[in-house]
Each structure stands twice: as C-alpha cells, then as structure tokens.
Protein chains: 2
Amino acid sequence: MKQEATLQRGRNVPGLENPGRRSLLVGSAGAMAAVSLLGLTPLAKAEEPKTLPDYAAWKDRSALIVHSANTMETQRGAIGNGVLTPSDRLFVRNNLPAPPESIVADRDAWEVRIEGVKNPKTLTIGDLKKMGVTTVASVLQCSGNGRAFFPHGASGTQWSVGAAGCVMWTGVPLKDVVDTLGGPAEGTRYITSTGGEELPDGLDPKTVMVERSVPVRAMDHALLAWEMNDEPLPLTHGGPLRMVVPGYYGVNNVKYVKNVAFTEGQTTAKIQASGYRIRDIGKKGAPDQPSMWEMNVKSWVTAPLTNTASGRNMIYGVAFGGTVDLEKVDVSLDGGKTWKQARFLGPDLGPNAWRPFVMAADLSPGEYRVVSKATDVKGNSQPEGRTENERGYGHNGWNDHGVTITVG
Amino acid sequence: MKQEATLQRGRNVPGLENPGRRSLLVGSAGAMAAVSLLGLTPLAKAEEPKTLPDYAAWKDRSALIVHSANTMETQRGAIGNGVLTPSDRLFVRNNLPAPPESIVADRDAWEVRIEGVKNPKTLTIGDLKKMGVTTVASVLQCSGNGRAFFPHGASGTQWSVGAAGCVMWTGVPLKDVVDTLGGPAEGTRYITSTGGEELPDGLDPKTVMVERSVPVRAMDHALLAWEMNDEPLPLTHGGPLRMVVPGYYGVNNVKYVKNVAFTEGQTTAKIQASGYRIRDIGKKGAPDQPSMWEMNVKSWVTAPLTNTASGRNMIYGVAFGGTVDLEKVDVSLDGGKTWKQARFLGPDLGPNAWRPFVMAADLSPGEYRVVSKATDVKGNSQPEGRTENERGYGHNGWNDHGVTITVG
C-alpha cells in the first residue's frame with residue numbers, strides 16, 4: 001500500500017543493534033494526509049516513551065517498541081527463552097485500524113462467509129466450534145521483520161527482530177469446514193480471506209482492504225482460530241476469529257476474518273497484487289513477483305545483547321524453520337569464522353513453532369560478534385547476507401541478525 | 001500439620017460438582033489460634049467473592065476459588081483446553097505465609113546452600129544460571145486435589161479438580177549443580193529441600209517448616225527453577241527459586257528454596273514425617289506410610305460442566321501420567337458403561353505435562369454422566385473408585401471426577 005510505503009522510512013545506521021528505534025522518518029505531507037485517514041499516523045520519535053493505543057492497552061509496554069499505533073515490536077531483550085511468547089509481549093501489526101471492541105462482545109455470534117465450496121454458507125463461530133478443533137503452535141512473523149537491516153532504507157516499519165513470536169492457536173481446521181460444505185469448487189487454486197475492518201471513506205477499497213490469497217496447499221494446516229495461548233483471541237490480534245496459516249508470514253493470517261473464498265485466481269486487492277511482493281530495489285510491486293507466503297529458516301540471538309561479565313555465559317536465541325522442522329542451530333562468537341552447535345531448550349512444539357536454543361561459552365574480556373545460523377531438516381540454511389529487495393521482506397541472513405557484545 | 005488438619009473440614013455433598021465451594025467449615029477455637037499465628041486464617045463462606053491476598057493480587061480473580069489466603073483453586077471452567085496453564089489462572093497453595101516481596105528484588109543474589117555433596121557450597125541464582133539450563137513442562141498438582149470428593153470429610157482444603165495446572169519451568173538441572181560440586185556424598189538416598197519462609201515464633205520449627213525429602217531417583221529430572229512460563233518465577237509460586245521435581249506432587253516442589261541436602265534419611269520435619277502420608281481413615285501419619293511423591297495417572301472433563309444445547313458437542317478435558325507418557329484417554333457419556341477414545345489436542349510437551357483432550361459427541365436431550373479415564377504407556381489406568389485415606393490424598397478415581405450435564 002502506498003500509504004504504508006511512505007509511513008516510515010529508515011536510515012541505515014551501521015552497527016546499531018536496533019536501528020528501527022532511532023530511524024523513524026516521516027514521509028511527505030500528501031502521504032501523511034492519506035495516512036491520517038487510515039488512522040495510521042506514525043508517532044514521532046520525541047514522543048517516546050509512547051503509550052499504547054487503547055486496543056492494545058493490556059500489553060506489557062516495557063516489552064514493546066511502539067513504532068506507531070498499529071505497529072508494536074517486541075524488544076529483543078524481552079523475547080525471552082520460552083517455547084511460547086506470552087500474549088502481552090507479542091508484537092502487533094495492523095494494516096488498518098482495529099475494529100471496535102464491540103465485535104468481541106458476543107464472540108460466538110461472529111459470522112464468516114465460506115464461498116467457493118459446493119455449498120456456500122455463512123457460519124457463526126458457534127457453528128465452527130462444533131465442526132472440529134485443533135491446537136497448533138506457530139510462529140507469527142511480519143514479512144518485514146528485519147527490514148531495519150536493509151541499507152537502502154526499505155520503506156515500512158523499521159522492524160529489527162521483534163516482529164515475531166510463537167503462540168498457540170486453537171480453532172477449527174479449515175479442512176473440516178470445507179469438508180462439511182461439500183469440498184472446494186473445481187479449479188480452486190487459492191484460499192482468499194477477507195478481514196472485517198471498516199474501510200475508510202474516500203479511498204478505493206481495493207487499495208486498503210485486507211484480503212489475502214494463499215495457495216490451496218495451505219489448506220492441510222490452516223485453521224480458523226478463536227483462541228490464542230488458551231484465551232479468547234484478543235481483538236488486538238484479530239479476535240474474535242482469525243485465519244491462521246501456520247508457517248506463513250503474518251499478513252496471510254487475516255484478522256477479524258469475515259469471508260473465506262476458494263478461488264481460481266488471487267485477489268486483486270492491492271495488499272496482494274502489488275503489496276508483499278519480493279522485487280528488486282526501485283521496482284514496483286506486481287502479481288508476477290513472489291508473494292510473501294511460506295516463511296524461510298531463521299534465527300537470532302536474544303541474550304546477551306550488549307555487555308556481559310567474563311567467564312561462563314549462556315548464549316540464548318530462537319530459531320524456526322517456517323513450515324519445516326529444524327535440524328540444528330550453530331552459533332559463532334567470531335562473526336561466522338568458527339561455529340559450534342547450540343542445544344535446543346524445552347519441548348518441540350512442531351514444525352511451525354520456534355525453538356529456543358542455548359550455548360554455554362567461556363568468554364575472556366574483549367568484543368565478540370555473536371551470530372546464529374539455523375538449518376532445517378531439508379538442509380535449508382540461513383544465508384550470510386541479505387536478499388536485497390525493495391520493501392525489505394523475508395530477511396533471514398545471519399550476519400545482519402548478529403549482535404556485538406563487550407565482555408568485561 | 002495439625003494446624004492445617006483443622007483448617008477446613010469438608011462435608012460430603014453428594015452430586016455437587018464442586019463441593020469445596022460450599023463446604024467450608026472452620027475448626028475449633030484452639031486450632032484457629034494456631035492457624036492465626038501462621039497467617040493461614042481461612043476465609044468465611046459469607047465473604048465470597050473474596051479478594052485476593054496481596055502476594056497474589058496479580059492473579060485472575062474470576063478464574064479462581066479462594067479457599068483461604070494461602071489456598072486458591074482454579075475454577076473447573078477456567079482450566080481451559082491449553083497445553084499450558086496461564087500463570088494468572090494457576091492454583092496457589094502455600095504451607096506457610098509467603099515471604100516478603102523484597103526477596104525477589106534482587107533475584108540473582110538469592111542464595112541456596114548445597115549440602116551432602118563432595119564440595120558443599122552456597123550458590124547464588126547468578127551462579128546457577130551459569131551452570132546449566134533446561135526447560136520442562138510439568139503438571140503441578142496438590143496432593144489433596146480431589147479431596148472434596150471423599151465422603152468421610154478428609155481434613156484440609158476442599159480442592160475439587162483445580163489444584164492442578166501445567167506450566168513450563170526453566171532452571172538448572174539439579175544434576176549439573178551436583179556434578180559441579182563433586183557429586184553426592186556416599187550413601188545418599190534422598191534429596192532434602194528446605195523452604196525459605198520465615199517461621200513463626202512460638203511454634204516448634206519442626207512442626208511448621210517446609211522441608212521435604214524425595215528419593216534420589218528424582219535427580220535425573222529435578223531442577224532449580226527461576227522461571228515459570230518464560231517469566232521470572234513469581235513470589236506467589238516460589239520465586240526467586242523453587243525446587244521442581246517433575247511428576248511429583250506439589251509439596252515436593254519446595255518454594256523459596258534455600259537449602260538442598262543429599263541425605264541418607266528423610267527429614268524429620270512434620271510435613272515429611274507424618275504429613276503427606278497415605279494411611280487409613282482415622283490413623284495418624286507416620287514415616288512408614290507411603291509419602292506423596294510420584295503422581296498417578298489422572299484426567300477430568302473441563303467442558304461442558306452443567307448444561308449444553310442438544311446436537312453436536314465437544315467434550316474437553318485434561319489428562320496426565322505424572323512421570324509416565326499417556327497412551328490414551330477414554331470418555332464415557334453414560335457413567336462408565338460404554339467408552340469411546342478421545343483425541344489429544346495440541347502438541348505433546350513430554351511425560352510430565354498434561355494433554356488436553358477432546359471428543360465430539362452428538363447429544364440428544366437428557367442427562368448425561370460424563371467421565372474420563374486416562375491410561376499411560378505402562379498400562380496404568382485410573383481406577384473407578386477412591387483409595388479411601390485419612391487426608392484424602394492422591395485421588396484419581398474416574399467416577400468421582402465425572403460431571404453430570406443436562407442437554408436441552
């Protein structure tokens with residue numbers, strides 16, 4: 001979306017561990033007007049510490065970096081070493097202002113229309129709850145997580161590493177719903193989900209609506225979720241009902257989902273047609289470019305991040321394979337010259353979850369460049385560098401995600 | 001403890017799903033005086049809805065039944081269907097008043113003495129954090145969970161099913177600590193842990209101190225934990241440091257642990273010598289009776305609990321094997337005449353964790369007795385009835401744990 005494209009443009013600040021926090025620049029006055037219509041006004045740097053917007057007031061402010069009223073990142077130091085991210089520390093990224101709290105007043109009454117099946121039907125959450133249930137742990141990650149590391153100043157929120165978390169989703173398998181309704185229509189190639197946000201007047205709906213198509217192969221794992229971390233899904237995170245596509249980038253997990261269609265083609269909404277497309281720097285987005293669907297293998301260190309005492313230290317981090325189980329994580333203390341395998345910490349919650357890792361290291365005084373590199377069971381491994389691209393999507397290079405620590 | 005024995009005496013209320021809530025009777029005036037010294041004053045029935053005590057004020061009041069300032073049970077309807085229990089819904093059971101909040105002001109400075117090893121030493125949590133780390137999901141359950149179902153009116157808190165939860169613990173494996181200190185002394189048969197509570201004046205310390213011995217076989221899995229659910233361990237639940245013995249009843253997981261000794265014999269503290277012993281009704285506790293160590297296989301339904309609409313329903317519950325992986329859970333809608341296998345919900349967090357289960361059922365109007373029966377991989381299965389015992393410990397009979405629902 002153009003509005004978002006000019007929202008926040010980051011400067012490259014070499015060596016800065018969390019560049020997003022210091023690189024907030026505001027776009028042109030014209031862009032600001034559109035932005036204002038959408039309620040996406042970015043907060044000025046001078047306003048820190050910023051308060052949380054009302055719809056996210058329950059979150060742990062101290063764990064978050066507030067980029068704007070619709071974009072809040074988990075502090076790298078608050079990611080922790082758990083197999084699940086507590087809800088109040090999970091990042092927030094809304095493409096449109098959240099609907100009013102009233103939509104979660106009577107959760108079971110929320111309606112979702114299912115189309116492109118043999119027997120199209122409008123179902124309430126109450127109906128869905130009788131059709132089936134599954135619980136899946138999955139990493140939720142914004143396509144632009146790591147954007148702050150792109151030196152060309154990719155536009156959009158300057159996420160460092162904290163636009164990601166691992167949470168537990170509970171809902172009905174999409175497959176159960178579709179089976180109940182007679183199966184998908186012939187020729188179905190995509191699952192297209194539409195969010196229930198109210199669209200602002202004065203803008204072409206196609207340019208602002210949240211409607212995403214994912215390939216039909218996602219049906220084996222997708223669910224319509226009404227709970228997150230064993231609690232009713234908060235409005236902040238898409239409640240009362242969210243399309244969850246485990247292993248896919250955040251944008252595909254459509255919030256307040258009100259329509260799910262099995263379609264031959266992808267939606268022509270801007271967020272799909274030109275948004276969330278990988279292309280060379282300077283290029284415009286287009287439907288023939290790769291869309292941000294399955295996540296790639298990725299990891300980063302979460303502690304220590306700056307200084308630590310000499311002697312024995314525990315290096316912590318998180319790693320995930322998107323849709324593929326992890327094989328291992330290697331950690332280097334010398335910027336990638338030598339590597340040592342870390343150990344996974346805690347139970348394995350499945351291929352879509354992340355795994356905390358830990359490595360003990362005896363450190364003498366000095367400066368260390370700590371980097372981590374995950375490898376999945378199919379042999380995919382994080383690259384050293386970036387795949388340079390206009391919007392700074394899908395960054396999983398291990399070099400940029402490292403930290404420089406001083407041992408004293 | 002005698003004080004506790006007269007704290008709350010339950011009447012048997014046949015057919016009452018949560019008898020504990022209505023059967024709070026207060027003991028004699030003499031007992032009350034001792035109880036008052038300990039700060040364990042039970043709250044009178046008339047005070048409901050009770051407020052939470054200060055040290056637990058952060059908990060979700062609506063999810064809890066407050067039996068006393070030191071005993072709070074999770075509502076059966078608030079147990080949920082998650083693989084982990086959110087911390088704010090977890091039950092609380094303190095044997096002594098909690099220490100002041102000041103003990104968690106500087107967590108890493110907390111000291112624990114390790115004795116009965118080749119090189120006894122006092123270690124801070126800071127020291128422990130460098131020795132090793134593990135994360136384990138484990139059911140925490142009070143020995144008296146289910147006490148309310150004993151018809152003889154077993155003394156103690158009248159727990160129904162909610163003195164249990166499944167949480168994630170992070171800390172150092174006890175084995176790593178002991179290895180670092182040269183290994184256990186010869187002849188070690190028990191691990192004896194002492195809590196850091198301040199003991200009240202005017203009472204023989206042995207009669208009130210929290211000091212528990214577990215067999216040395218527990219060393220393979222025990223940990224000294226400083227985190228619960230990826231957050232610093234709350235004071236309410238034993239922070240800054242707790243001995244966690246996965247698969248063992250709650251009392252063995254000593255809070256505010258300040259001393260861990262490898263010993264030939266068990267402690268002579270009353271909580272071990274005569275407390276938490278399985279014996280016939282009317283008998284006094286004694287060291288030759290079975291101690292409440294490893295938990296037995298158990299399950300219960302969590303939804304629906306009272307009324308539900310006819311048609312398709314999802315029956316939910318939780319099940320665990322203590323120290324043994326689960327094989328299956330069977331559910332009966334006719335009080336145990338016929339059974340059908342339920343399905344586990346969500347990832348398996350290991351042998352000490354619980355597993356939520358679900359079973360779809362098409363229900364026509366009428367009354368149903370819904371019971372569940374778990375079986376572990378060693379073939380242990382829940383019995384139908386109770387093992388009658390003086391204090392109402394270790395109840396895992398499936399009959400008492402069922403619910404009667406009306407389908408309309």
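In chain A of this predicted model, strands β10(A) and β11(A) form a hairpin with two residues between them, and A:N229 in the turn has a positive phi of about 50 degrees. Strands, like helices, are taken here as DSSP runs numbered from the N terminus (E, at least two residues, for strands; H or I, at least four, for helices). β10(A) and strand β11 (residues 231–232) pair in the antiparallel sense over two bridges, where pairing requires that DSSP find at least two bridges between the strands. Within this pair, A:M228 stands opposite A:E231 in β11(A).

Two further pairings involve β10(A). Strand β7 (residues 164–173) of chain A runs antiparallel to β10(A) and is joined to it by five bridges, with A:A225 of β10(A) serving as the bridge partner of A:G171. Three bridges join β10(A) to strand β12 (residues 242–244) of chain A, again in the antiparallel sense, and here A:L223 has A:V244 in β12(A) as its bridge partner. Because six of the six residues of strand β10 (residues 223–228) of chain A are buried, this strand is largely enclosed by the rest of the structure; buried denotes under 20% relative accessible area, exposed over 50%, and partly exposed the range in between, for a 1.4 Å probe and protein chains only.

In chain B, residue B:V139 is found in strand β6 (residues 134–141), and its relative accessibility of 2% places B:V139 in the buried class. When neighbours within four places in sequence are left aside, B:V139 is in contact with B:G165, B:C166, B:M295, B:F320, B:N352, B:A353 and B:W354, contact being defined by heavy atoms within 4.5 Å. Of these partners, B:W354 is 215 residues from B:V139 in sequence, yet the two are 6.2 Å apart in space, C-alpha to C-alpha.

Chain A superposes on chain B through a rotation of 180 degrees with 0.0 Å of shift along the axis (RMSD 0.0 Å), and the two copies are therefore related as by a two-fold rotation axis. The superposition is by least squares on the C-alpha atoms of residues with pLDDT of at least 70 in both copies. Among the residues of chain A, A:L349 comes closest to the rotation axis, at 3.6 Å (C-alpha). Since 100% of the interface residues of chain A are also interface residues in chain B, the copies meet through the same surface.

Residues are numbered from 1 along each chain as its sequence is written, and chains are lettered from A and ligands numbered from 1 in the order in which they are written. Local features need pLDDT of at least 70 and side-chain atom pairs count only at pLDDT 80 or more, whereas totals for chains, interfaces and linings use all residues; side-chain values use heavy atoms, with hydrogens and water left out.
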